[in-house]
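Me: I'd like to learn how to read the pockets of a protein model. Could you walk me through one?

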Amino acid sequence: MSGLNASLGYFFGCMALAAMLRALVKRWPRLAFLSELASSFALVACRLEVQTIVEVGEWAGGLGPDVTLTILLAVLLVHGAVCGDLSGNPCLSIKRFLQLDAAALATVLVVLCQFLGAQLAIVVAEYYWSLELTDMHMIKNLMASECSTSLLVSPVQGFITEGVCAFFFHVVHLILRRRTAFIRVPLGVLMLTFLSHVAKSHTSAYVNPSLAYGLTFHCSGFTFGEYAVVYWLAPIMGMMVAILLYMGHIPRFFAKNLLYFQKTRLRVRKGGEKEKKK
């Protein structure tokens, strides 16, 4: 349990740091894009520790799969509560751009901040592991140079898996986008946890390019290009298909609805012509 207590303290510290940075950025609206750096940092840093518990905790700390799944669910819930609409997910930022809800420059800055936050999370996590506060972290520190890749299938199978998972995630996200955070956040977290559990033997269903970069791009087994195709291109393609099927078109590319025919009905009041004559 001492290892789990150390991990809980680490989770709390990362979320608190993200909340503080977000509060500071609110004072300067022009620097609002930096809030995504904090969101991405908190998400990737915490998921790196969750991955450590999954890889090492089961045999070094006696933590079973039920514990790791519960921790993942709790981390995602707290992240959603702390960061709110700040997803730390480049796909969601690109989706806002495709839906004409964000400008090109703002989207580029946000995506860069999300990847910068992921890189910062890697540095912080590695320093935390080097402290070797528990046996679990000592083992993780010894294994840090040779981590286990999340891509356990061929790049083609991984592309299909990640694309399908991203499609379902973004469909749910589009359906819930106008709901209150009290409904949207828990359902989104349940969806992510479910996808991660189902696809754990394939790609782990990150459906988040910056998260995948932080968790598996530095692991051996595949080239950077193969990782990019599976964890960057596939989620973006899945997201675009979700927008197309849900809305009938991608607003940034097509103004006209390509899939659904919408009839416009004009209601005319009875006696309207008589009123005009008068």
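**Reading the pockets**

Reply: Happy to! Start with who supplies the wall: in this predicted model, α8 gives the largest share of the lining of the largest pocket, eight residues.

Me: How is such a space found in the first place?

Reply: Rolling a probe the size of a water molecule over the atoms shows where empty space is left. Here, the largest pocket holds about 980 Å³ of space. It is lined by 41 residues, and G84, D85, S87, L92 and H173 are the closest to its centre.

Me: Which helices, besides α8, supply at least two residues of that lining?

Reply: They are α2 (34-60), α3 (65-83), α4 (90-98), α5 (104-130) and α7 (155-176), alongside α8 (181-198) itself.

Me: And what is the chemical make-up of the lining of the largest pocket, by class?

Reply: Count the residues in each class: 19 are nonpolar, 14 polar and eight charged.

Me: Let me move on to the second largest pocket. What is its volume?

Reply: About 560 Å³. Its lining has 21 residues, with V54, T68, S196, K200 and S204 the closest to the centre. Two or more lining residues come from each of α2, α3 and α8.

Me: Which element gives the largest share of the lining there?

Reply: For the second largest pocket that is α2, with six residues.

Me: How many residues of each class line the second largest pocket?

Reply: Eight are nonpolar, eight are polar and five are charged. For a quick recap, look back at the two main contributors: α8 for the largest pocket, and α2 for the second largest.

Note on methods: Residues are numbered from 1 along each chain as its sequence is written. This is a predicted model: local features need pLDDT of at least 70, side-chain atom pairs count only at pLDDT 80 or more; totals for chains, interfaces and linings use all residues. Side-chain values use heavy atoms; hydrogens and water are left out. On a 1 Å grid over the protein atoms alone, a cavity is a set of points where a 1.4 Å probe fits but cannot get out, and a pocket is an open set with protein on both sides within 12 Å along at least five of seven lines; lining residues have an atom within 4 Å of a point. Grid points are joined across faces, edges and corners, and a volume is the space filled by probe spheres set on the points. Helices (H or I, at least four residues) and strands (E, at least two) are DSSP runs, numbered from the N terminus. Ala, Val, Leu, Ile, Met, Phe, Trp, Tyr, Cys and Pro count as nonpolar, Asp, Glu, Lys and Arg as charged, and the others, Gly among them, as polar.
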